[in-house]
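Please open the structure in your viewer and keep the selection tool at hand. The stops below proceed from one region to the next.

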Amino acid sequence: MEIIKPDTHIDFSGKRKIAFSISGLMILISIASLIFHGGPKYGIDFAGGTLVQIKFHGPVKIPDIKKGFKSMGITSVTVQVFGDPKDNEYLVRTDKSGITNEGFSDKIKRAVTAATGQEAQIRRVEMVGPQVGKDLQEKALFAIFYSLLFITIYISGRFEYKWMLSGVMAAALMGAVYALSLFTESIAILIGAALLVTLVLFWFLELKYAMGAIVALIHDVTITVGLFSLFNKEFTLPIIAALLTIIGYSLNDTIIVFDRIRENLRRQHKSSFDTIINNSINQTLSRTILTSGTTLFTIIALFVLGGGIIHDFAFALLVGVVVGTYSSIYVASPILLAWQGKTHKK
Amino acid sequence: MIVASIIYLLPTFNPGIWPHKKINLGLDLQGGMHLVLEVQVEKAVESTLERISHEIRADMRKKHIRFLSIERTGDNKIVIKLKGQENIDKLNKLLDADYRDLRIVTRENQGDTLTMVLDLPEKEVALIKKMATDQALETIRNRIDQFGVSEPDIRIQGTNRILIQLPGVKDTRRAKDLIGKTALLEFKLLDETHDLNAALKGKVPPGSEILYEVKVDPETGRTIKTPYLVRKRTLLTGANLKDARVQIDSRYNEPYVSIEFDKKGGRIFARITGENVHKRLAIVLDNRVYSAPVIQEKITGGQARITGNFTTEEAHDLAIVLRAGALPAPVKILEERTVGPSLGSDSIRQGLMSMLVGGALVVLFMLIYYRMSGLIADIALFFNIVLIGAGLAGFQATLTLPGIAGIILTIGMAVDANVLIFERIREELRLGKTPRAAVDAGYDRATLTILDANVTTLIAALVLFQFGTGPVKGFAVTLSLGVIASLFTALIMTRSIFDFLLTKRKMKKLSI
């Protein structure tokens, strides 16, 4: 069986203007949503607070659950339905921490049972103090930082086999970050700076493949984060894990397309760069769609059947895989082309 | 290799068949409790200084050094004020002889009054803090061992934090109370010379304090607080205990904790009770009065009992904490994650369900799309999962819910390598190559790309492993195992199957 016929010739690079506008628009929406929501919405892992998962024996009203918490002196709670509404399961969150002392679950159980008139079962309690929240935030940012660092070093050497250059990259990047770390403690700023330094270095060292890959990667992560913010979903530790996985996955796709481009460059000297890129994407299209397809099968299974706890995690992966596949075709390669066009004009 | 994997996996499905351990389930799957405690080491420093200042006071009295005042200040210093050269000389001698650890911060003469400020050097303070953390860890481990939790994980995190993982604990409230209790047992006399009501209105006499007895009515759930005016001076602490056991009162059929003092404790207890007959002695645990009986006579046996409307469980747990000893400093819960067993089993069920459905979809798809070769890829996929499972069991890694998600993700991604190879083979076949040549070319050309493409995922997974906690670490483990296993199955296993079919079976046409 074949989905993509071998003689498929879709003019991908010809549509790059459309693609760029779509991507640009998506990124704009993402950033706008982030600004509108005042930055990403942190879950209790990062913001600190308490989360209680309660299952009721029968249907209850959300205001009644709130009333139950109010009777214990916990006023600022948000209640949301967890999983399937007919399971009568709810997630209650408050930004207060340190309240889970002596017999907390028992008291909550009694209070909400009394307020709702339905037998309650406390299924999960998570409390993260503000200090730990800050630590976890730092840890997550470090994880993002280091994976970006390693991946940057890897792709800067990988595509054109300039490992010496990659070593220079690494040294320059680490030097810059170290210098900056003397002035600021904010890891978020460090990550931004490291990205900027990377882009500038790629530009001056003319590592065009690496440039295409990293831009695609930033594109994917920005849109995933933006969509999360748009749907008002929370950032937790597993979501960070999903983001890092997306980075790996997106690069995986890009590497395969780029490898084909380089292989075709060696074989077809006479064709224009434009044609080569188009041919390469078309040749790998079948595998790109197949792999994304099988991966999507499994992620959708996880999204639908995996239960409430893993739901957001699966959502992040879902978005990431779709956007990652799109970007390896419509973002990474066109950037290569745009770059090539620039240098040829000179 | 496959055989070895199956051997590792066997105990998971059929426990007891093999001496090797089965796959560990994370707290999110089997239920349990994850706690991060902070040992409030500052308090340990404070109490050390408090003790030292008491000792100096006693020593000065013993050596007839007359002093104006000695007190511990809030910033962990001891301030001594005294008059007269003779007293000052004697104090210097005392400090040189018995308190060499103390550092003299300032000495100030105002007329003939000397104000001396002492503190502990940083090194000493650091040592006290470290000792407090170590001792807290030891004490908590003791308590948990006596409570009976299978395979608890208790360790120090950073400088003064303790990470506790109790898989499978059902009564999390009890476990938490047991761990978090400082369990400082003190015997203090009631202040019966002053008026309790006046004290409650704010006129607390110096040297005394108000402590409460808290009782919970088991029927109404209401708490009743009774105030006591208690002298601050501690006569005896739980440090002098030898044993603590649960007993049942034969008259009221109520459990109580009987405690036995060690030799020194027994002597002190006899003296206290002998000197204070007909006075009331408060038994105070963590600043809560448990009872304040009237001393009827001198008690010489070195035994006492703690009563206080306990349930059997409460009495049992109290005996444990008293036996294990007090924490050197109070602890504060910084992070707590409790998962009920029902939620855990739901997660397992849902995780396995999505794994089955997702896996079935992929298997079916590969079969339809690549027919015979798809079957080969599916076999590889099956062994891929076996390898991940074996890896988990072999490395004694923990399987968490995100870990299951990692396996599911791997199923989707693992066929990628085969898809790459198969698409290449198809291309080569289209160019008119023989099946043999097409297979060789397909594998040769795809191998490097596959290796490289997986490196990026591996980088992300390894970083996650380094920085992740608990569940996320589980994800990193299954993802890395999955990537490595898929490389093995796709590049080596499927190739051997193709080789076998093409050379041994002399297959002429390739079903792909």
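Select the two domains of chain A. The C-alpha centres of domain 1 and domain 2 of chain A lie 39 Å apart. To colour them separately, use 13–43 together with 132–345 for domain 1, and 49–128 for domain 2. Please note that this model is predicted.

Next, select strand β4 of chain A, residues 120–128. Is this strand enclosed or open to the outside? Of its 9 residues, 7 are buried, so β4(A) is largely enclosed by the rest of the structure.

Now add strand β1 of chain A, residues 49–56. Strands β1(A) and β4(A) pair in the antiparallel sense, with 8 bridges between them. For one example, display Leu51(A), whose bridge partner in β4(A) is Glu126(A).

Which strand of chain B is joined to β4(A)? Select residues 331–339 of chain B to show β18(B), which runs antiparallel to β4(A) and is joined to it by 5 bridges. Within this pairing, Met127(A) has Glu336(B) as its bridge partner, and Glu126(A) stands opposite Arg337(B). In general, the side chains of a regular strand alternate between the two faces of the sheet.

Remain at the boundary between the chains and select the residues in contact: 58 residues of chain B touch 59 residues of chain A. The elements of chain B that give two or more residues to this side are α6 (172–180), β18, α10 (341–394), α11 (401–430), α12 (435–467) and α13 (470–504). Among these, α10(B) gives the most, with 15 residues. Colouring this side of chain B by residue type shows 33 nonpolar, 15 polar and 10 charged residues.

Before leaving chain A, select helix α9, residues 237–267, and locate Asp259(A) within it. Is Asp259(A) buried or exposed? Asp259(A) has 21 C-beta neighbours inside 10 Å, and therefore counts as buried. Then draw a distance from Asp259(A) to Lys270(A): the two residues are 11 apart along the chain, and their C-alpha atoms are separated by 19 Å.

Turn now to the whole of chain B, which contains 13 helices and 19 strands. The radius of gyration of chain B is 35 Å, well over the 24 Å that the globule rule gives for 512 residues, so this chain is more spread out than a compact globule. The C-alpha trace of chain B spans about 110 × 60 × 40 Å along its principal axes. Buried residues account for 42% of chain B.

Colour the domains of chain B next: domain 1 is 2–29 with 340–504, domain 2 is 42–124, and domain 3 is 181–338. The centres of domain 2 and domain 3 of chain B, taken over C-alpha atoms, are separated by 32 Å.

For the last stop, find the open sheet of 4 strands in chain B, whose order is β3-β4-β6-β5 with antiparallel pairing. Its edge strands are β3 (69–72) and β5 (103–110), each of which pairs on one side only. From one strand to the next, the twist averages 15 degrees. Helix α3 of chain B, residues 41–62, packs on this sheet and touches β3(B) and β4(B); the direction of α3(B) makes about 165 degrees with that of β3(B). Finally, select β6(B), residues 113–119, which is joined to β5(B) by 7 bridges in the antiparallel sense. There, Arg103(B) has Asp119(B) as its bridge partner.

Conventions
Residues numbered from 1 in each chain as written. Chains lettered and ligands numbered in written order. Predicted model: local features only at pLDDT ≥ 70, side-chain atom pairs only at ≥ 80, totals over all residues. Rg over C-alpha atoms; globule rule 2.2 N^0.38 Å. Buried ≥ 20, exposed ≤ 12 C-beta atoms within 10 Å, placed from the backbone. Pairing = 2+ DSSP bridges. Domains from an automatic or database assignment. Axes fitted to C-alpha atoms, helices over the stretch in contact; angles between N-to-C directions. Contact = placed C-beta atoms within 7 Å. Nonpolar A, V, L, I, M, F, W, Y, C, P; charged D, E, K, R; others polar.
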